[in-house]
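Visitor: I'm new here, so could you show me around? I'd like to hear how each label gets earned.

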Amino acid sequence: DLDDDGAVGPPDLASLLAAWCPCGPQVPEWATLLEPLPDPALVTNATLRDAIVQTGYAWRVRDTATQIEMVLIPPGTFLMGCVPSNQFPCNPAFCSFVPRQVTLTQAFYLGRHEVTQAQWAATMGVNPSFFVAANGYPGSDDRPVERVSSSDALEFCALTGMRLPTEAEFEYSYRAGTVTAYHSMPGFPDGTNDDTQLDAISWNVGNNGPEGSASYGTKPVGLKAPNGFGLHDIAGNVFEWVNDWFSLQCDVEE
């Protein structure tokens, strides 16, 4: 049990092989290695750790060109659709509330944090954000970029060689093996439906100060607890674009 997780499995074999010969997890040619194997303190679910190792690719890397940190999301099957919390029901006006089983067959890398204003400006040459130092929001380089259209996001992706995740990929990445409204957090390794715990993982209207105050607005990325894949701010702070069309029209089977 080389990773001290209480079980012998693929992560232990990967650790053994990495120490035995230069045949550990592959690192994409566009990336710089940060951590070859998933950290059990962050990826607490042994099944997810095994799935990551079995892809043959390194868990945590940094895009060399943009310095954007990324983690590997393995293939898998999950129940996609809205899960009501204790306080908030699902909205039947949205097709996304209908649960359905979805399988993702390919692993992919996803940014560990929201794209920051500094990362955006370094690629695009401009910063469209409102929450900047000039408007009274210090540390704006580390705050997520906002006031970005879908076209802007697609242009950024084209310039960096990246792409937006699909809605299914985004939700799968958010859930990280949980089936609850809110993903895993300290004290709730399997997630929770308890709305009073949301502040642990999310900047939201309940913990972000009244509008017009010095605390209102976005916050620097990575301050809240990550989910079971090691992703920060995948709930709250700012909305994220995905690579799907939005529609209120549903296909209903009778």
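Visitor: How many salt bridges does a search of the whole structure find?

Guide: The search turns up 6 salt bridges. A salt bridge here is a side-chain nitrogen of Lys or Arg within 4 Å of a carboxyl oxygen of Asp or Glu. Bear in mind that this is a predicted model, where local features need pLDDT of at least 70, side-chain atom pairs count only at pLDDT 80 or more, and totals for chains, interfaces and linings use all residues. Residues are numbered from 1 along each chain as its sequence is written, and side-chain values use heavy atoms, with hydrogens and water left out.

Visitor: What makes R49 and D5 a salt bridge?

Guide: Their closest N and O atoms are 2.5 Å apart, and the limit is 4 Å, so the pair qualifies. R49 sits in helix α2 and D5 in the segment before α1 (10-20), so the bridge ties together parts that are 44 residues apart in sequence. Helices (H or I, at least four residues) and strands (E, at least two) are DSSP runs, numbered from the N terminus.

Visitor: Why is R49 called buried, and what is D5 called?

Guide: Buried means under 20% relative accessible area, exposed over 50%, and partly exposed in between (1.4 Å probe, protein chains only). R49 has 4%, so it counts as buried. D5 has 26%, so it counts as partly exposed.

Visitor: What joins E69 to R112?

Guide: Their side chains meet in a salt bridge, at 2.7 Å from N to O. E69 lies in strand β3 and R112 in the loop between β6 and α3, so this pair links parts 43 residues apart in sequence. E69 and R112 are both buried.

Visitor: And how are E171 and R175 placed in helix α5?

Guide: They are 4 residues apart, which puts about one helical turn between them. Their side chains form a salt bridge at 3.0 Å, N to O, and both residues are buried. Elsewhere, salt bridges that share partners join E35, R60, E69 and R112 into one network.

Visitor: What does buried D63 lack?

Guide: D63 has no salt bridge. The nearest side chain of opposite charge, R62, is 9.0 Å away, and the limit is 4 Å, so that pair doesn't qualify. For charge, Lys and Arg count as positive and Asp and Glu as negative, while His and the chain ends are not counted. D63 belongs to strand β2.

Visitor: How do you know that C82 and C90 form a disulfide?

Guide: A disulfide is a pair of cysteine sulfur atoms within 2.5 Å. The S to S distance between C82 and C90 is 2.2 Å, so they pass. By this rule the count comes to 1 disulfide.

Visitor: Why is that disulfide called left-handed?

Guide: The torsion about the S-S bond of C82 and C90 is about -95°, so the disulfide is left-handed. C82 has a relative accessible area of 28%, which makes it partly exposed, whereas C90 is at 19%, so it counts as buried.

Visitor: What makes the phi of Q67 and A176 stand out?

Guide: Most residues other than glycine have a negative phi. Q67 has a positive phi near 65°, and A176 has a positive one of about 50°. Q67 is in the loop between β2 (60-63) and β3 (69-73) and is partly exposed at 44%. A176 follows α5 (167-175) and is buried at 5%.
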